[in-house]
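Student: Could you take me through this model, beginning with a strand pairing and working outward from there?

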Amino acid sequence: MSLRYTDSSVGSDDFDDIIDDDTVVNEKKDKENNSGKANTQENENNDQNILQEDEVCHDENFVVEENFILVSFPLQGKTGKQSIINIDLKMAVIALSSILTAVKAGVAIIGAGKIAVLPFLIAAITYFHYDQYDPENRNPDQKILDPSYDFIIIGAGSAGSVLANRLSEIEGWKVLLMEAGGQETDITDVPIMSLYLHKSKLDWGYKTEAQDTACQAMIDKRCSWTRGKVLGGSSVLNTMLYIRGNKRDFNRWADYGNEGWSYEDVLPYFKKSQDQRNPYLARDKRHHATGGYQTVQDNPYNTPLGVAFLEAGQEMGYDIRDINGEKQTGFALYQFTMRRGARCSTAKAFLRPIRLRKNLHISMYTHVTKVLIDPDTRRAYGVEYIKNGQKQTVLAKKEVILSAGAINTPHLLMLSGIGPQSHLEEKGIQVIHDSPGVGQNLQDHIASVVTFLIDYPISLVINRLVNINTALRYAIKEDGPLTSSIGLETVGFIPTKYANRSDDWPDMEFMLTSTTTPADGGTQVKKAHGLTDEFYKEVYESINYKDTFGIFAMMLRPKSRGEIKLRSKNPLEYPLLYHNYLTHPHDVNVLREGTKAAIAFGQTEAMKRFGARLHNVPVPNCKHLPLFTDEYWDCYIGQYTLSIYHYSCTAKMGPVSDPWAVVDPQLRVYGVSGLRVIDASIMPFVTNGNINAPVIMIGEKGADLIKYYWFNPSTRSRRKREMYLKFNARLQQGHNNCSVT
Ligand SMILES: Cc1cc2nc3c(=O)[nH]c(=O)nc-3n(C[C@H](O)[C@H](O)[C@H](O)COP(=O)(O)OP(=O)(O)OC[C@H]3O[C@@H](n4cnc5c(N)ncnc54)[C@H](O)[C@@H]3O)c2cc1C
């Protein structure tokens, strides 16, 4: 069995041949393999779907070494058993076909030439990960949908995946999960590769409108707003940092009239989904749990910088602590949504284990264009979508749930007639409900980027860390530098002078990383962040591939608010995204002070041991200002302004007395019945940290709210009474569009 191919010898036809062989082999295997029979065929179809959609790469030089897959050697397999691999011919054929499929999918998604070792990496991963034998195989795509379902969930991201799992626990409920993207791939599993997914086919590829306050170093002054378009949504592209936020965040939500959302209320929902793999953390049973669907683990690999970051934090006077525990202020090694060193997306965590449930259909490559709402009864009764190039509809007997994320959810609400009346009318959309808060109140976390040079070869430099050894170490031993989430090792939560120190509600998060923008020589990081050639050349080119560490100084509680508006009523046209970063002076102050604190951090003894020195090339647009003055830093933070991709709060939850609230505390859309929003959009204020864990919590709690509602007929009639009273209250306030359901 041998395989060797290069770009010069393989054209797209050859790839088609490979796919055909692949399918045949897998079909044979399918007949022999009793378990998961129904799904394998579907999976193959899915893979083919991906392959047909993706472009074939003709211009890359890659070679899969002869006899590579026949190598026999001792290994620590995924099962954890020490074994000698002896592959018989059939297994080898299956492995080969899987490798080819994965290589092609990987190449089509990110381009093999980006990293020369990519084919080795994919081959090794695929060989040791066989999907076919994985008990948690990928979910099948439902090709033909039923005419109606009890629940329709739009978007299979962090929240949507959780919901689909929890709602389909009820056998009598038929659930449809609709997702615009397709399957994850072997590449999406590899933590070090996450930046390669930006601007790939798995990313919606949003860009903000050009504005003067931030992202001035980006092409056309537009920030890149990466968003997952794949089963698992943004949890497939994210850096997997597991941060729950601060108690005060949720207590503030409750204080603003959102009953049931205080810290004590939501803590059980964080724990419900958690499988904490660190036994020391798991001992704290008040804050952690084991046995849930979502694996949370420490990174198996850290550079010496990871521990040094902790020491530097201590030197600055902070404790080392579990930042998901009793207190938040302090330093810690990150906890990750990883499983055995690979990404554990919400698709992997919540959808794969239930792939055989008959009452759950998942429809991929399905772009929802509108929620169907009866204008007379104002009840959501289905959705309109495009699949296989055809516009179709599907009906919901109980509820439609929007989990399309903080950009697409308000977009879909507006397309469906729920939003600011004058804006909808201006775009020619029939207004079902005037909801001025839709698309408003947009919050995100931004960071300034600070880089330090060091003297020792210990940081993650891309051309040093991706090689056949690290690929095998990742695939076989589940550790090594490829399990590093782009160098993010340590986190620090600290207060600037604008936060109350005694409050344990820090306003700055240091994301400390052992790799930086120039560590890949100005290729993928620059592209992912959308930096201009001029900026990169002037600031970073001189330190390409040098040993460095970086600090993303992330401002936690922004006061600036962005907005999302319709470009047109065409559902396929991207909406207008206005970040409005740094338009509030408070945000400029906090980010400037955070940047200065980051520079102080790099000058601690713990970091100086490595020869740490600030990379202080003046940034192009700020050169005219005296270096290192507040004026200079105020300019600096507006240049390389990095979104940490935490867009949220665009369909916020609030009491009926809040005219800007889009959903009530049970996440039901005001003014329309049978419709909820359950995703990052519903946050009234963004949480104090990275937001994936809170979004998963929102999914868990949202599912329980739905179950409670439908299993308690009395709640439904009580709700009618409540809504009637609230309707009257709104009438008195002059908001007369809240319908009674
Ligand atoms: C690059 C990146 C890095 C990040 N890093 C971290 C991190 O390390 N830690 C952390 O806590 N958070 C991180 N985040 C943020 C976090 O992952 C997201 O906030 C979270 O995943 C959002 O969940 P969601 O369910 O609201 O939306 P998403 O997960 O984005 O899900 C929305 C889903 O809906 C689908 N969809 C949208 N519109 C339609 C439509 N019209 N029809 C059908 N389907 C549709 C999308 O394709 C997507 O799958 C990161 C995010 C990104 C993008």
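Tutor: Strand β3 (residues 148–154) and β4 run parallel and are joined by four bridges, where strands count as paired if DSSP finds at least two bridges between them. Helices (H or I, at least four residues) and strands (E, at least two) are DSSP runs, numbered from the N terminus. This is a predicted model, in which local features need pLDDT of at least 70 and side-chain atom pairs count only at pLDDT 80 or more, while totals for chains, interfaces and linings use all residues. Residues are numbered from 1 along each chain as its sequence is written.

Student: Which residue in β4 stands opposite Ile 153?

Tutor: β3, helix α5 (residues 158–167) and β4 make a right-handed β-α-β unit, meaning that, with the strands pointing away from the viewer, the path from the first strand over the helix to the second runs clockwise. Within the pairing of β3 with β4, the residue opposite Ile 153 is Leu 177.

Student: Which residue in β13 is the bridge partner of Met 178?

Tutor: Strand β4 (residues 175–178) points Val 175 and Leu 177 one way and Leu 176 and Met 178 the other way, and all are buried, that is, 20 or more other C-beta atoms lie within 10 Å of their own, against 12 or fewer for exposed and values in between for partly exposed, with C-beta atoms placed from the backbone. β4 also runs parallel to strand β13 (residues 360–363), with four bridges joining them. In β13, Met 178 has as its bridge partner Ser 363.

Student: Why does the largest nonpolar core lie between domain 2 and domain 3?

Tutor: A nonpolar core is a set of buried Ala, Val, Leu, Ile, Met, Phe, Trp, Tyr and Cys residues joined through C-beta atoms within 7 Å, and the largest one has 173 residues, with Ile 153, Ile 154 and Phe 510 among those with the most contacts inside it. Helix α21 (residues 692–711) gives the most to this core, seven residues. The core lies between the domains, whose bounds come from an automatic or database domain assignment, because residues are given to it by both domain 2 (142–189 + 222–292 + 334–445 + 556–568 + 644–715) and domain 3 (300–333 + 451–554 + 583–637).

Student: How many residues of helix α12 are buried?

Tutor: Helix α12 (residues 405–415) is mostly covered, and its buried residues include Asn 408, His 411 and Leu 412. Gly 417, whose phi is positive, near 95°, follows α12. Of the eleven residues in α12, the number buried is eleven.
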